[in-house]
Amino acid sequence: MRKFCFFHFCMVLFVFQCSSQEDKGLIPGTRITGDPLGDVLVFLALSNPPCQFLTSENAGVTFVLREGQTSICSAQLVNGSLQVEKSGKYQVQSFAGKQTLSSSRCNSLSFDFHVKLREGSTDLFSSQNPTPSEISLEMGKQYQILASGLVNPDLYQCQGRPVSSWVTAYRIQFQKL
(Lines give C-alpha, C1' and ligand atoms only; values in the text may rest on other atoms or scores of the structure.)
Protein backbone atom coordinates (compact mmCIF):
# COMPACT_ATOMS: atom_id res chain seq x y z
CA MET A 1 0.00 0.00 0.00
CA ARG A 2 2.84 2.38 0.76
CA LYS A 3 4.32 1.80 -2.67
CA PHE A 4 0.92 2.53 -4.22
CA CYS A 5 0.53 5.82 -2.27
CA PHE A 6 4.10 6.84 -2.98
CA PHE A 7 3.61 6.09 -6.69
CA HIS A 8 0.42 8.22 -6.85
CA PHE A 9 2.11 11.03 -4.93
CA CYS A 10 5.00 11.02 -7.42
CA MET A 11 2.58 10.95 -10.37
CA VAL A 12 0.64 13.96 -9.02
CA LEU A 13 3.87 15.91 -8.53
CA PHE A 14 5.06 14.94 -12.01
CA VAL A 15 1.77 15.97 -13.66
CA PHE A 16 1.61 19.35 -11.91
CA GLN A 17 5.29 20.02 -12.52
CA CYS A 18 4.97 19.29 -16.24
CA SER A 19 1.77 21.28 -16.67
CA SER A 20 3.38 24.61 -15.83
CA GLN A 21 4.84 25.45 -19.21
CA GLU A 22 7.09 28.39 -19.76
CA ASP A 23 5.32 31.14 -21.72
CA LYS A 24 7.47 32.24 -24.63
CA GLY A 25 5.17 34.77 -26.26
CA LEU A 26 6.04 38.18 -27.68
CA ILE A 27 6.48 39.52 -24.15
CA PRO A 28 7.27 36.62 -21.81
CA GLY A 29 4.54 36.17 -19.24
CA THR A 30 2.10 38.47 -21.06
CA ARG A 31 -0.80 36.93 -22.92
CA ILE A 32 -2.89 39.20 -25.07
CA THR A 33 -4.72 36.94 -27.51
CA GLY A 34 -3.13 33.64 -26.54
CA ASP A 35 -1.64 33.30 -30.03
CA PRO A 36 1.87 34.71 -30.65
CA LEU A 37 1.00 35.73 -34.23
CA GLY A 38 -2.19 37.39 -33.00
CA ASP A 39 -0.16 39.27 -30.37
CA VAL A 40 2.19 40.58 -33.08
CA LEU A 41 -0.77 41.82 -35.14
CA VAL A 42 -2.25 43.58 -32.12
CA PHE A 43 1.07 45.30 -31.35
CA LEU A 44 1.50 46.36 -34.99
CA ALA A 45 -1.96 47.87 -35.00
CA LEU A 46 -1.25 49.73 -31.77
CA SER A 47 2.17 50.99 -32.89
CA ASN A 48 0.75 52.51 -36.10
CA PRO A 49 -1.61 55.35 -35.29
CA PRO A 50 -4.99 55.12 -36.96
CA CYS A 51 -5.41 56.99 -40.22
CA GLN A 52 -7.67 59.89 -40.85
CA PHE A 53 -8.98 58.96 -44.29
CA LEU A 54 -9.16 61.56 -47.04
CA THR A 55 -12.13 60.80 -49.30
CA SER A 56 -14.20 62.62 -51.88
CA GLU A 57 -16.76 63.31 -49.11
CA ASN A 58 -14.33 65.16 -46.82
CA ALA A 59 -11.92 66.63 -49.41
CA GLY A 60 -13.09 70.15 -48.51
CA VAL A 61 -12.28 69.71 -44.81
CA THR A 62 -8.88 70.90 -43.60
CA PHE A 63 -6.96 68.36 -41.49
CA VAL A 64 -5.27 69.87 -38.42
CA LEU A 65 -1.96 68.48 -37.16
CA ARG A 66 -1.84 68.48 -33.38
CA GLU A 67 0.78 67.35 -30.86
CA GLY A 68 1.92 63.77 -31.27
CA GLN A 69 1.59 61.73 -34.40
CA THR A 70 -1.02 62.17 -37.13
CA SER A 71 -1.53 59.91 -40.15
CA ILE A 72 -3.56 60.71 -43.23
CA CYS A 73 -4.47 57.97 -45.70
CA SER A 74 -6.44 57.72 -48.90
CA ALA A 75 -7.36 55.12 -51.48
CA GLN A 76 -8.92 57.70 -53.81
CA LEU A 77 -7.51 60.23 -56.24
CA VAL A 78 -8.59 63.28 -54.22
CA ASN A 79 -6.65 66.27 -52.92
CA GLY A 80 -6.95 67.74 -49.46
CA SER A 81 -5.44 70.36 -47.23
CA LEU A 82 -3.92 70.62 -43.79
CA GLN A 83 -2.82 73.17 -41.24
CA VAL A 84 -0.74 72.89 -38.09
CA GLU A 85 -1.81 73.79 -34.58
CA LYS A 86 1.75 74.82 -33.66
CA SER A 87 4.59 76.05 -35.86
CA GLY A 88 7.76 74.02 -35.79
CA LYS A 89 9.63 71.06 -37.17
CA TYR A 90 7.75 67.92 -38.14
CA GLN A 91 9.09 64.56 -39.18
CA VAL A 92 7.22 63.38 -42.26
CA GLN A 93 7.21 59.84 -43.61
CA SER A 94 5.01 58.26 -46.23
CA PHE A 95 4.19 54.94 -47.79
CA ALA A 96 2.95 54.87 -51.37
CA GLY A 97 -0.27 53.07 -52.13
CA LYS A 98 -0.68 50.59 -54.95
CA GLN A 99 -3.28 49.97 -57.60
CA THR A 100 -3.47 46.54 -59.17
CA LEU A 101 -5.47 45.80 -62.30
CA SER A 102 -6.25 42.14 -62.82
CA SER A 103 -8.29 39.73 -64.87
CA SER A 104 -8.61 35.97 -64.70
CA ARG A 105 -6.89 35.44 -68.07
CA CYS A 106 -4.08 38.00 -67.91
CA ASN A 107 -1.12 38.99 -65.78
CA SER A 108 -1.77 41.67 -63.18
CA LEU A 109 -0.60 45.22 -63.77
CA SER A 110 0.45 47.38 -60.82
CA PHE A 111 0.83 51.13 -60.44
CA ASP A 112 2.23 53.12 -57.52
CA PHE A 113 -0.17 55.58 -55.92
CA HIS A 114 1.77 58.59 -54.56
CA VAL A 115 1.08 61.48 -52.23
CA LYS A 116 2.93 64.76 -51.90
CA LEU A 117 2.77 67.71 -49.54
CA ARG A 118 2.88 71.11 -51.20
CA GLU A 119 2.95 74.72 -50.05
CA GLY A 120 1.91 76.99 -52.91
CA SER A 121 3.96 75.72 -55.84
CA THR A 122 6.75 74.19 -53.73
CA ASP A 123 6.77 70.45 -53.05
CA LEU A 124 7.81 69.88 -49.43
CA PHE A 125 7.63 66.08 -49.41
CA SER A 126 6.71 63.20 -51.72
CA SER A 127 6.19 59.47 -51.29
CA GLN A 128 8.35 58.99 -54.39
CA ASN A 129 11.24 59.57 -51.98
CA PRO A 130 9.95 57.73 -48.89
CA THR A 131 12.91 58.57 -46.64
CA PRO A 132 11.67 60.27 -43.46
CA SER A 133 12.33 64.02 -43.63
CA GLU A 134 12.20 66.95 -41.25
CA ILE A 135 10.25 69.92 -42.56
CA SER A 136 9.18 73.21 -41.00
CA LEU A 137 5.46 73.94 -40.99
CA GLU A 138 3.93 77.24 -39.87
CA MET A 139 0.68 77.91 -38.09
CA GLY A 140 -1.83 79.78 -40.25
CA LYS A 141 -0.49 78.47 -43.57
CA GLN A 142 -2.47 76.10 -45.76
CA TYR A 143 -0.67 73.01 -47.12
CA GLN A 144 -2.02 70.82 -49.92
CA ILE A 145 -2.09 67.02 -49.91
CA LEU A 146 -1.91 65.91 -53.54
CA ALA A 147 -2.47 62.38 -54.82
CA SER A 148 -1.28 60.97 -58.15
CA GLY A 149 -0.84 57.66 -59.89
CA LEU A 150 -4.28 56.06 -59.97
CA VAL A 151 -5.48 55.03 -63.40
CA ASN A 152 -8.99 54.59 -64.75
CA PRO A 153 -9.55 50.81 -65.01
CA ASP A 154 -12.16 51.40 -67.74
CA LEU A 155 -9.29 52.32 -70.07
CA TYR A 156 -7.78 48.83 -69.74
CA GLN A 157 -8.96 45.50 -71.10
CA CYS A 158 -7.69 41.96 -71.16
CA GLN A 159 -8.56 39.97 -74.25
CA GLY A 160 -11.56 42.24 -74.78
CA ARG A 161 -12.80 41.89 -71.19
CA PRO A 162 -12.85 44.57 -68.47
CA VAL A 163 -10.32 44.39 -65.64
CA SER A 164 -10.93 44.74 -61.93
CA SER A 165 -9.06 47.31 -59.84
CA TRP A 166 -7.79 46.86 -56.29
CA VAL A 167 -6.27 49.86 -54.43
CA THR A 168 -4.27 49.95 -51.21
CA ALA A 169 -4.19 53.36 -49.54
CA TYR A 170 -1.17 55.60 -49.24
CA ARG A 171 -0.17 56.82 -45.77
CA ILE A 172 1.54 60.07 -44.86
CA GLN A 173 2.58 60.43 -41.20
CA PHE A 174 3.47 63.59 -39.32
CA GLN A 175 5.25 63.70 -35.96
CA LYS A 176 5.77 67.02 -34.15
CA LEU A 177 9.39 67.26 -33.01
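Let me begin with a term: a residue is called buried when its relative accessible area is under 20%. By that cut-off C73, with a relative accessible area of 4%, is buried. I shall use the word in this sense throughout. The structure before you is a predicted model, and I shall go through it from the whole chain down to single residues.

First, the chain as a whole. It has 177 residues, of which 27% are buried. Its secondary structure comprises two helices and 14 strands. The accessible surface amounts to about 11,600 Å², and carbon and sulfur atoms account for 56% of that surface. If we take the contacts between residues at least 6 apart in sequence, 66% of them connect residues at least 24 apart.

A word on confidence. The mean pLDDT is 83, and 72% of the residues reach 70 or more. Residues 1–5 have pLDDT under 50 throughout, and in the model this segment has zero contacts beyond four places in sequence.

I turn now to the disulfides. A disulfide is a covalent bond between the sulfur atoms of two cysteines. How many does a search of the whole structure find? It finds two. One of them joins C51 and C73, with 1.7 Å between the sulfur atoms. This pair links distant parts of the chain, since C51 belongs to strand β1, residues 51–53, and C73 to strand β3, residues 69–74, with the two positions 22 residues apart in sequence. C73 is the cysteine with which I opened, buried at 4%.

The other disulfide joins C106 and C158, whose sulfur atoms are 1.4 Å apart. The angle about its S-S bond is 75 degrees, and the link is right-handed. C106 lies in strand β7, residues 106–119, and C158 in strand β11, residues 157–158, so this bond ties together parts that are 52 residues apart in sequence. Are these two cysteines buried or exposed? C158 is buried, at 3% relative accessible area, whereas C106 is partly exposed, at 29%. When the bonded cysteines are numbered in sequence order, the pairing reads 1-2, 3-4.

Just after C158 in the sequence comes Q159, in the loop between β11 and β12, the latter being residues 161–162. Its phi is near 50 degrees, a positive value in a residue that is not glycine. Q159 is exposed, with a relative accessible area of 59%.

Next, the interior. The largest nonpolar core contains 22 residues, and L82, L117, I145 and I172 have the most contacts inside it. Several elements give two or more residues to this core, among them β4 (80–84), β7, β10 (143–148) and β14 (170–176). What does L82 touch, beyond residues up to four places away in sequence? Its partners include L117 and I145, together with F63, L65, I72, Y143 and F174.

T70 offers another view of this part of the model. T70 sits in strand β3 and is buried, with a relative accessible area of 8%. Setting aside neighbours within four places in sequence, T70 is in contact with Q52, L65, I172, Q173 and F174.

The aromatic residues come next. Two aromatic pairs are found in the whole structure. In one of them, the ring centres of F113 and Y170 are 5.3 Å apart and the planes stand at 65 degrees; because an angle over 60 counts as edge-to-face, the pair is placed in that class. F113 lies in strand β7 and Y170 in strand β14, 57 residues apart, and the pair thus links distant parts of the chain. Both rings belong to buried residues: F113 has a relative accessible area of 0%, and Y170 likewise has 0%.

Finally, I would draw your attention to K86, in the loop between β4 and β5. At 45% relative accessibility, K86 is partly exposed. Not counting residues up to four places away in sequence, K86 touches E67, L137 and K176. Its C-alpha is 9.8 Å from that of V64, a residue 22 places away in sequence.

To close, I return to the disulfides: the model contains two, with C51 bonded to C73 and C106 bonded to C158.

Note on methods: Residues numbered from 1 in each chain as written. Predicted model: local features only at pLDDT ≥ 70, side-chain atom pairs only at ≥ 80, totals over all residues. Heavy atoms only, no water. Disulfide = S-S within 2.5 Å. Helix = DSSP H or I, 4+ residues; strand = E, 2+ residues; numbered from the N terminus. Buried < 20%, exposed > 50% of the residue type's maximum accessible area, 1.4 Å probe, protein only. pLDDT = per-residue confidence, 0-100. Contact = heavy atoms within 4.5 Å. Core = buried A, V, L, I, M, F, W, Y, C linked by side-chain atoms within 4.5 Å. Areas by Shrake-Rupley, 256 points an atom, 1.4 Å probe, with all protein chains shown as cover. Phe/Tyr/Trp six-rings, centres within 6.5 Å; stacked < 30°, edge-to-face > 60°.
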